[in-house]
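Please look over the structure shown here. The report takes up packing in the interior, then the main pocket.

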Amino acid sequence: MRIPTLLPALAGLALAATQAAAQPALLGRSVLPGPEAAPGPVTPLRQQAISAPGLRVLVSVDDRQLWLMDGQTMLYTAPVAVGKEVVMEYEGQSWDFTTPRGVRRVIGKERNPMWSAPDWHYIELAALQGWKLVWLRGGQRVPVAEGGYVTTRGGVVGRVAPDGSWHPVARGDEAVFGDTLFAPPPGSVNRSMPGILGNYKLDTGNGIYLHGTPEEASVGRPATHGCMRLLDSDLEFLYRSVPVGTPVYVY
């Protein structure tokens, strides 16, 4: 006769045990160190970012860490790669590879984004590899040591062999012939490179993105040209959780 009274109690214990088993995972997310505990310098912008209301993204350049917060609730945190903080100069031009601090905003999102390589990419690559650099113009023919010449056809860079055959450079590959790197004309097919930005991109304007990377070892380091790189798994969470218009505090 006591069994019926015990069964509800046992059921209650089983439910409590299930909730207790799930609780550590929930607590594990909530007790992750938030931006206020990061060792980076305390600046007015950092304080503003931490105390701001609503959904927002915080990125500490010094700590190389990102947080997603809603009010004072921390929803997610992840390591991030930031700018190299170097300036590259070439023929009177200069590029500052520092992640700019300030209050930004997500102005667009994209899956499987294509990267349009800027001029500095070819300058830096040629310098690192010890290659000569030629800026190829549409319709231009540049003779090469292998024979024939390099030119563009239909916006594609390629080599015309001595026998007249056409050998296009595949999208994503660099147009290197001998010891010379040919920078494709702006807007050409070869300027667009797949995979460089990972699987997702959040655009914060002026060429500064939150994006993925095939160079996973760079995440958590000063390794970019100003953008903020994340692992694709972390970026997928942000892509699905952060709507266009969300503030991004970079400090």
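## Around Leu-202

In this predicted model, Leu-202 touches residues from several places along the chain. Leaving aside neighbours within four places in sequence, its contacts include Val-106, Gly-108 and Lys-109. Ile-208, Tyr-209 and Leu-210 are also in contact with Leu-202. So are Leu-235, Leu-238, Tyr-239 and Val-242.

## The nonpolar cores

Leu-202 belongs to the largest nonpolar core, which has 22 residues. Leu-202 is among those with the most contacts inside this core, together with Leu-66, Leu-230 and Leu-238. Several elements each supply at least two residues: the strands β1 (55-60), β2 (65-70), β3 (73-79), β18 (200-203) and β22 (247-250), and the helix α4 (232-241). Helix α4 gives the most, with three residues.

A second core is separate and holds 16 residues. Among them are Trp-95, Trp-120, Tyr-122 and Leu-181. In soluble globular proteins, nonpolar side chains tend to be buried together.

## The largest pocket

The largest pocket encloses about 770 Å³ of space. Its lining counts 30 residues. Which of them lie nearest the centre? They are Trp-115, Trp-120, Ile-196, His-225 and Arg-229. Trp-120 thus appears both in this lining and in the second core.

Elements giving two or more residues to the lining are β9 (114-116), α3 (119-129), β19 (209-211) and β20 (222-224). Helix α3 has the largest share, six residues. By type, the lining divides into 13 nonpolar, twelve polar and five charged residues.

Note on methods. Residues numbered from 1 in each chain as written. Predicted model: local features only at pLDDT ≥ 70, side-chain atom pairs only at ≥ 80, totals over all residues. Heavy atoms only, no water. 1 Å grid on protein atoms, 1.4 Å probe; cavity = no way out; pocket = protein on both sides within 12 Å on 5 of 7 lines; lining within 4 Å. Points joined across faces, edges and corners; volume = space filled by probe spheres on them. Helix = DSSP H or I, 4+ residues; strand = E, 2+ residues; numbered from the N terminus. Nonpolar A, V, L, I, M, F, W, Y, C, P; charged D, E, K, R; others polar. Core = buried A, V, L, I, M, F, W, Y, C linked by side-chain atoms within 4.5 Å. Buried < 20%, exposed > 50% of the residue type's maximum accessible area, 1.4 Å probe, protein only. Contact = heavy atoms within 4.5 Å.
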